[in-house]
Amino acid sequence: MELGSLEQKLKNNSYPGRGIVIGMSPDKKYAVTAYFIMGRSVNSRNRIFIEDGEGIRTQAFDPAKLSDPSLVIYAPVRVLGTKTIVTNGDQTDTIYELMGKGQTFEQALRTRTYEPDAPNYTPRISGVLQIEKGVYHYAMSILKSNEGNPESCCRHTFTYECPIAGEGHFIHTYQGDGDPLPSFEGEPERVGILGDIEEFTQMVWGSLNEENKVSLFVRFIDVETGGVQTRIVNKNR
């Protein structure tokens, strides 16, 4: 798979929906992850990211405009020991709880399916970064309907060992805008990871569609020390 430009992939897609990026910084010092949300409805756009312990959660910017919290209010990021879990829904809690009981990432996600938002059946995308004693690897998952058929769930897990400096993978919920929204297809896209946390955050936020972008989370984790740098950007202020 050719190494693509994350900046161009974002600029050329007005509605990738929600997206997860995981990879390695160019200097190989940091494990990198980013999670963004976008929205077309008032309910989806009425959100911000806030810090919640070692992770983050979504919150209604204007509580009076929150019409349905079921698929928009959740914890996208939680930390379980040496693992950082990043997802686009409340499956974050499922992964956290079941991995905490000794199950694997894939086993935990066996208990979940795509989102119940017919006719889109939005995929559940998830990632987990594990850093232990200077060793870093990560995995990504997508749970999606079988070509829009709600009776069949397709489950795909991708594991990446010994990440390469300046490279990562990008998975998102939708191929682009549409009605119904077309689900992501294929493997997570191989993309370049460029710059430090400030440059990377600015690039991702600046590349997302101005009308549809809502919030962005970026974290750089020092592979040797476990030290964390985090950036949160919210359109609603």
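**Surface, fold and one helix face**

The protein chain shows about 10700 Å² of accessible surface, and carbon and sulfur atoms hold 46% of that. The model is a predicted one. As for what gets hidden, 54% of the 237 residues in the protein chain count as buried.

On to overall shape. A compact globule of 237 residues would be expected to have a radius of gyration near 18 Å, and the protein chain comes in at 16 Å, so the two agree. Laid out along its principal axes, the C-alpha trace spans about 45 × 35 × 35 Å. The secondary structure is made up of 13 strands and 5 helices. Looking at contacts with a separation of 6 or more, 57% of them link residues that sit 24 or more positions apart in the protein chain.

Charges come next. The protein chain carries 31 negative side chains and 25 positive ones. The centres of these two sets are 3 Å apart.

Helix 3 gives a closer look at how one element sits in the fold. This helix covers residues 91-99, and its buried residues are Gln91, Thr92, Thr94, Ile95, Leu98 and Met99. Viewed down the helix axis, these buried residues fall within an arc of 165 degrees, so they line one face of helix 3. In an α-helix there are 3.6 residues a turn, so residues three or four places apart point the same way. What do the buried residues of helix 3 pack against? Their partners are strand 5 (77-80), strand 6 (83-87) and strand 7 (124-132), along with helix 4 (105-109).

Key
Residues numbered from 1 in each chain as written. Predicted model: local features only at pLDDT ≥ 70, side-chain atom pairs only at ≥ 80, totals over all residues. Heavy atoms only, no water. Helix = DSSP H or I, 4+ residues; strand = E, 2+ residues; numbered from the N terminus. Rg over C-alpha atoms; globule rule 2.2 N^0.38 Å. Buried < 20%, exposed > 50% of the residue type's maximum accessible area, 1.4 Å probe, protein only. Contact = heavy atoms within 4.5 Å. Areas by Shrake-Rupley, 256 points an atom, 1.4 Å probe, with all protein chains shown as cover. Lys, Arg positive; Asp, Glu negative; His and termini not counted. Charge placed at Lys NZ, Arg CZ, Asp CG, Glu CD. Arc of directions from axis to C-beta.
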